[in-house]
Amino acid sequence: MRIYLVRHGETDLNRRGCYYGRTDAPLSPEGREQARMLGQFFREISFSAVVTSPLCRAVETAEIILGEQMIELCRDERLCEQDFGIFEGYTYSELMNRYPDEMRAWNQDFSGYRIPGGESFLDVRRRTEQFLSEIKRRAGESRRETAVLLVAHKGTLGHFMAACLGLPPEGYWNFVFDQGCYSRVDLEDGYAIIRKLNQSVEDADC
């Protein structure tokens, strides 16, 4: 199974450098252009499935990539970005002024601290692992080569890739997922093989 990983296109909140997970922000004009370029790149690939976070920035990215291809999107809550709770919509400096105690606690225990009204880093890893287990089961049951497109977020894609390789949660930090780029990991005989990582679509092959 070939799995193509795409982070949603840019939003205005990305431009502002805000923490946001469940805030349902639409794509910016630049984000839609990033998705169109990815759509041109992927136009020759026949996807057996397209799975996306249900948040509109991911769904919109997937819809633009697919264009007129008649493939039904599967929206999976496990691919949602981390819920930042009371931190949603603020920049780091704004949070340090508004929630200094909570930010101190988060910085001291980044993985385990559950943001008030939201999730912890480890919460996201756990649900991403559940999703990966299902994908591996499907790959093991399939007797033909298939291509799957995942459109999600920096957080869940990082956890997905780290889990694929059996890395601890901190392995998340080893991966970069820029907007307008794609990655590819193949599941073969129970192993995850990275073929592409944060690849620009310019002068690239699948």
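Arg-32, Ala-35, Arg-36, Leu-38, Gly-39 and Phe-42 of helix α2 are in contact with Glu-60, Thr-61, Ile-64 and Ile-65 of helix α3. Sorted by class, this contact holds five nonpolar, two polar and three charged residues. The model in which these contacts are found is a predicted one.

Two packed helices are described by the angle between their axes and the distance between the axes. Helix α2 covers residues 29–42 and helix α3 residues 56–66; their axes come within 7 Å and cross at roughly 40 degrees. Angles under 35 degrees count as roughly parallel, and α2 and α3 are therefore oblique to each other. The crossing of α2 past α3 is right-handed.

From the helix pair we turn to the strands. Strand β4, residues 147–152, has six of its six residues buried, so β4 is largely enclosed by the rest of the structure. The burial applies to both faces of β4: Ala-147, Leu-149 and Val-151 are buried on one side, and Val-148, Leu-150 and Ala-152 on the other.

Which strands are joined to β4 by bridges? One of them is β1, residues 2–7, which runs parallel to β4 and is joined to it by six bridges. Within this pairing, Ile-3 has Val-148 of β4 as its bridge partner, and Val-6 stands opposite Val-151. Strand β2, residues 49–52, also runs parallel to β4, and four bridges join the two. Here Thr-52 is the residue opposite Val-151. Val-151 of β4 thus faces Val-6 and Thr-52.

Strand β1 also pairs with β5, residues 181–188, in the antiparallel sense and over five bridges. In that pairing Leu-5 stands opposite Ser-183 of β5. Strand β1 is mostly covered, with six of its six residues buried. Arg-2, Tyr-4 and Val-6 are buried on one side of β1, and Ile-3, Leu-5 and Arg-7 are buried on the other. The buried residues of β1 therefore include two arginines, Arg-2 and Arg-7, under a cut-off in which buried means under 20% relative accessible area.

Next comes helix α7. Of its 11 residues, 10 are buried, so α7 is largely enclosed by the rest of the structure. The buried residues are Gly-155, Thr-156, Leu-157, Gly-158, His-159, Phe-160, Met-161, Ala-162, Ala-163 and Cys-164. What do the buried residues of α7 pack against? Their partners are β1, α6 (121–141), β4, β5 and β6. Strands β1 and β4, already met as a parallel pair, are thus among the elements packed against α7.

One residue of this helix can be followed further. His-159 lies in α7, which spans residues 154–164. Is His-159 buried or exposed? Its relative accessible area is 2%, and since buried means under 20%, His-159 is buried. Beyond its neighbours within four places in sequence, His-159 is in contact with Phe-121, Val-124, Arg-125, Thr-128, Pro-169 and Tyr-172.

Two backbone angles remain. Just after α7, Gly-166 takes a positive phi of about 70 degrees. Most residues other than glycine have a negative phi. Asn-198, a residue other than glycine, nevertheless has a positive phi, near 50 degrees. Asn-198 lies in strand β6, residues 191–200, and β6 is one of the elements against which the buried residues of α7 pack.

Technical notes. Residues numbered from 1 in each chain as written. Predicted model: local features only at pLDDT ≥ 70, side-chain atom pairs only at ≥ 80, totals over all residues. Heavy atoms only, no water. Buried < 20%, exposed > 50% of the residue type's maximum accessible area, 1.4 Å probe, protein only. Pairing = 2+ DSSP bridges. Axes fitted to C-alpha atoms, helices over the stretch in contact; angles between N-to-C directions. Parallel < 35°, antiparallel > 145°, perpendicular 65-115°, else oblique. Left-handed = near helix turned anticlockwise from the far one by under 90°. Contact = heavy atoms within 4.5 Å. Nonpolar A, V, L, I, M, F, W, Y, C, P; charged D, E, K, R; others polar.
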